[in-house]
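I opened my notebook to look for empty space inside this protein. Come along and read over my shoulder.

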Amino acid sequence: MKRLISSLLTVLFLLMLAEVGIAQNKVPLTYEDFDQWKSISGQTLTPDGRFLIYALNPQEGDGAIKVQNLRNNNEVSHVRGERFEVSYDGQTLVHFITAPYADVRQVLINGEKPDEEFDDTLAVYSIYERDLETFPEVGSFKLPERSGAWLAYLYDRDTEEEDENGSESAEEEETAAEADSAETEPPVIEHELVLRNLETGEETMIEYVEDYFFSRHGERLVYVTADEDSLQTPGVHILETETGTTRTISSGLQSYTSVVMDSTASRIAFLARPADEKEENGDEEETEEEKEEADEDAEPEFYTLYFWEKGMEEAKVLVDESSDLLSEGWMVNEYASPEFSHNGNRLFFGIAPEPMRRDTTVEKIDIASVDIWNWKDDRLQPQQLLQLEDDKKKTYKSVYHIEEESFIQLEDDEMRTITVPDRGDADYAIGTHNLPYMYLMQWEGFPIYNDVYWVDVKTGERKQFGEKVKASLSLSPGGTYAAWYDYEDRNWYTKNLETQAVVTLTGDLDVPFYDELHDSPSDPSPYGVEGWTKNDNRIVIRDRYDLWVFDPSGKEDPYMLTNGHGRENEITYRSFSEDPDSRWFASDEVWLMATYESDKSSAVHRADFEGGSTPKELWRGDYRLYTPQKAREDNRWMVRMSTFQEYPDIHITDNRFRKFEQVTNANPQQENYLWGDVELFNYMSLDGEPLDALLYTPENFDPEKKYPMVVYFYERTSDRLHTYRAPAPSASTITPAFYTSRGYIVAMPDITYKIGNPGRSAEDAVIGMSLNLIEQGFVDEDNIGLQGQSWGGYQIAHIITRTNMFKAAMAGAPVVNMTSAYGGIRWGSGLNRQFQYEKTQSRIGGTLWEKPLYYIENSPLFFADRVETPLLMMHNDADGAVPWYQGIEFFTALKRLNRPVWMLTYNDEAHNLRKRVNRKDLQRRMQQFFDHYLMDAPAPVWMKYGIPAIEKGINQGFELEE
């Protein structure tokens, strides 16, 4: 017995040594490790819950589509699979196979363009039979929405091999001539459509197809043929999938486009132009400039709306430029696709005024290129220029009532937007018009004011019931009611669209239905509508914690579906559905996701819709929970949950939500790296306000040691306690795990704001939290850094003018001079920046001339001489949010003051970096910057000496200088 115990102790000791060895063998993360981290996307269960299908992709490299049998855990991996769909019956997986990443990369390195050798291949996989077929040179595929029997795919291949000069060689021509008189293989057809029966494998080939789509249940395939070298007459055709019979409903026209079918597959509409308008271009090819000039001077291309329904021989003209239905000077808009209402009895389509054309009596060379800014413009010129293409395509919704053969123009310049509920079937609609108030966007921001109208869809009659209203509108699925939140009085209302009766829903309730944490001079937003019950009988509205059930007619009193349990215990309840496609909120038992404010844990509850009882908790854990997804015909649920340490892998459970089986492991390599941990802690800001923060600590954290710390902040971040962030080259900010892996503490404080003093508010929170952590004894008070982007960058710029307690700071795209930025343009949207300073994030609460001292006091540039902290900035020359000159102003000021400052400007890059190569570069330079100042690492060449423009692209300067 003693020998057995001794042996067991020996084994246990060896296991402990092995574990210590594993821990000791873990290594810190480097920028070179990012590419291997993978992500899961597109996850779906087959209807019977037997198979899980998902995409697994690395940050860089070849991904795969995984098909996992949940009964025996067998897995099939489709390497380089992308853009997959599963048939409605769950029997077939269809996806593309891409070329190997390394091969494509090598071609790009060689300065070449990938040719047809790298075209995608279509894969058709029988999930249950495990049979795979592949088809190269396929450009697209489609599956019916509600049928698993059919697949259509379109080849996109070249019909002939060309020599280096782009034409057939003499030898090829001779070979082709010989082939005319010999028995050869059938010619390869470009744009050949294949209709495949997924149950039998039988295929039907259709030549020269340009576009195609299925009816909802797959009983019909509609396709458009193109005119290819006069071998095929263009037209619109219908193929009955069960019988294989085909009918042509239109032929001989040109520019067939926007073909749509109703839900019953018995009516079709499309746009086209008469064949006699087709221009014959000569043999000479026009240059792009010639084409552009010709387009400017050309007459408008008038499209005709055609309509076909079952029983008709061919489609008929419904509306054209000479139609009596349209006012003079109006035309069918080619940019707006027709759309049937759900029951198919209405056809909505777009019309537009004929476009203006240049006066050709004046030569182009004699016309100045000038933007004229007018004080009466509803939008500033930059915004107009950014929205120019949208303006050219502007459409006005009209409706054709098919049975009544009547036409109504619903939208016009007096009412720009109309929404018809009940999927277009409702008799009444809501119209909004914001043109008179658009100019206010420049200083009011969003949401914009609207005039609101009730509209009779049958007659076009409209009645205004709201003028200059700032509201969040929600239409009931059945079309009976409009519900809206009024931003000014902060109440919810409903309007019966038939009787036009208006009811105040929340006016008598002593509970805020708006954002309780709102701390800017703008109007707070609502928490929103959770859903409507069947037949529009009830509307469910959120407050901060609970869900409320209202009778939209106002006849019955409201009640809390969650019985007040949310507010009483600081639990935020939100619902999820067994059927995400359902239009209606469940009116029996309701599934709820719960988030506990105290520890950010998640839970799943069930509640009785009638209220009166506390929601029943099924599961609770220290995770961030993603919305569960259910198999359509089985009680199996797919759940993703994460922590700071655990990637949100997929787990499987049932209706009881008691046991969770993890079925994916996206990132097993994480075990090889040092990681860290996170905890939520409370602190007191300098002005005495209790706040939350996140504290990320290195692996094997020892509170008796002192660690360098990087503080990241924006506004509120504590809700990210259980959020997993993969090590990745960031677009602008640090990744906590990357820094904790390398021995740093990372802290993220929540910040609340006082109107007029945003900089001081951030200062109070960040310094207060830092002092609190220094008191704990494990933070090296001489080695604390700051990092933030945009609004965070501004706050850092402010803080380093107020204190020298931070050893180094990295500020991305900071506003440093509110007086010069105030009147500028956000080039990404074309909007003037005034609204941002007066109403939203900058929180000054008044104009520059009303509160000039507030703008100056909150502008770090005016106090640049106080800065002692070494500063690294990133500010890119194509930043559309914060003007690049803001970074330049601060850099040149600090340079003149002989302060250590660097600015990274990534060329043609936006506010946040888009290109992965630039993200990698930023991550590496930030690491070197903080390592130098906070860990006494040698400075790299780029910091110590700089990189002259003559060495740009040659010398990156990453080498460390002892």
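**Cavities and a buried serine**

I began with the largest cavity, which holds about 50 Å³ of space. I kept in mind that this is a predicted model.

Entry: how the search works. Rolling a probe the size of a water molecule over the atoms shows where empty space is left. I found that the structure holds two cavities of 30 Å³ or more.

Entry: the walls of the largest cavity. Which residues line the largest cavity? I listed F644, Y696, R720, T723, R725, P736 and M748. Sorting this lining by character gave me four nonpolar residues, one polar and two charged.

Entry: the second largest cavity. I noted about 40 Å³ of space here. Its lining is made up of S685, D687, E689, L691, I751, T752, K754, S761, D764 and A765. Which helix gives the largest share of that lining? I looked it up: helix α10, residues 758-776, supplies three residues. By character, I counted three nonpolar, three polar and four charged residues in the lining of the second largest cavity.

Entry: a look at S842. I then turned to S842, which I found in the loop between α13 (834-838) and α14 (852-857). Is S842 buried or exposed? I put S842 down as buried, because its relative accessibility is 2% and the cut-off for buried is under 20%. What does S842 touch, leaving aside its neighbours within four places in sequence? I wrote down contacts with P758, W791, M818, Q836 and Y837.

Technical notes. Residues numbered from 1 in each chain as written. Predicted model: local features only at pLDDT ≥ 70, side-chain atom pairs only at ≥ 80, totals over all residues. Heavy atoms only, no water. Helix = DSSP H or I, 4+ residues; strand = E, 2+ residues; numbered from the N terminus. Buried < 20%, exposed > 50% of the residue type's maximum accessible area, 1.4 Å probe, protein only. Contact = heavy atoms within 4.5 Å. 1 Å grid on protein atoms, 1.4 Å probe; cavity = no way out; pocket = protein on both sides within 12 Å on 5 of 7 lines; lining within 4 Å. Points joined across faces, edges and corners; volume = space filled by probe spheres on them. Nonpolar A, V, L, I, M, F, W, Y, C, P; charged D, E, K, R; others polar.
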